[in-house]
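User: Hey, could you walk me through this one? I'm new to reading structures, so plain words please.

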Amino acid sequence: AHTRVVASTPAEGSTVARPRVVTLTFSEALLPPTAAATIVMTAMPGMDNHGEMMIRNFTTAWSNSNRTMTLTLRQPLRAGTYEVRWQAAGADGHRMNGVVNFIVR
């Protein structure tokens, strides 16, 4: 089986209030040097044609035997639509990637 996200906070498709922590829990232990995540604001309320904006103000930590990646933000996310884009390799070495979407109100 290939690596995939089995749970996230905020959850896929959810609407939340200004989170300061984003977590991704994977189906298997990952090799942290192969794993990365980016948070991208894809839309902002009241701003037509809002371009993608990378959110860079977070630190990454691992737990749960390298199954859970925690992104801790210095500031809460502002209202808008977000994607957490991830890539990683599990024990089998296959590189996988995916996206978790959520909305901040």
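**A first look, starting at Ser65**

Analyst: Sure, let's start with one residue: Ser65 is exposed, since its relative accessibility is 61%. Exposed means over 50% relative accessible area, buried means under 20%, and partly exposed is in between, with a 1.4 Å probe and protein chains only. Before we go on, this is a predicted model, where local features need pLDDT of at least 70 and side-chain atom pairs count only at pLDDT 80 or more, while totals for chains, interfaces and linings use all residues. Residues are numbered from 1 along each chain as its sequence is written, and side-chain values use heavy atoms, with hydrogens and water left out.

User: Where does Ser65 sit, and what is its phi?

Analyst: Ser65 is in the loop between E6 and E7. Its phi is near 55°, which is positive even though Ser65 is not a glycine. Most residues other than glycine have a negative phi.

User: Which other residue that is not a glycine has a positive phi?

Analyst: Asn49 has one, at about 60°. You'll find Asn49 in the loop between strand E4 (36-43) and strand E5 (53-55). Asn49 is exposed because its relative accessible area is 80%.

User: What about His50, buried or exposed?

Analyst: His50 counts as buried, because its relative accessibility is 17%. His50 is in the loop between E4 and E5 too. Skipping neighbours within four places in sequence, His50 is in contact (heavy atoms within 4.5 Å) with Met41, Thr42, Ala43 and Met44.

User: Back to the loop after E6. What does the side chain of Asn64 touch?

Analyst: The side chains of Asn64 and Thr68 share a polar contact of 3.3 Å. A polar contact is a pair of N or O atoms within 3.5 Å; within protein, one must be able to donate a hydrogen and the other to accept it, and residues adjacent in sequence count only if both atoms are side-chain atoms. Asn64 lies in the loop between strand E6 (58-63) and strand E7 (68-73), and Asn64 is partly exposed because its relative accessibility is 44%.

User: OK, zooming out. How many helices and strands are there?

Analyst: Zero helices and nine strands. Both are DSSP runs numbered from the N terminus: helices are H or I with at least four residues, strands are E with at least two. The radius of gyration is 14 Å, close to the 13 Å that the globule rule gives for 105 residues, so the protein is as compact as a globular protein of that length. That radius is taken over C-alpha atoms, and the rule is 2.2 Å times the number of residues to the power 0.38.

User: And how much of the protein is buried?

Analyst: Buried residues are 38% of the 105 residues. One of the buried ones is Phe58, as its relative accessible area is 18%. Phe58 belongs to strand E6. Apart from neighbours within four places in sequence, Phe58 is in contact with Ala37, Ile39, Leu71, Thr72 and Leu73.

User: How far is Phe58 from Gln75?

Analyst: They are 17 residues apart in sequence and 8.4 Å apart in space, C-alpha to C-alpha.

User: Last one: which residues does the cis peptide bond join?

Analyst: Thr9 and Pro10, with omega about -5°. Most peptide bonds are trans. Pro10 is in the loop between strand E1 (5-9) and strand E2 (15-16).
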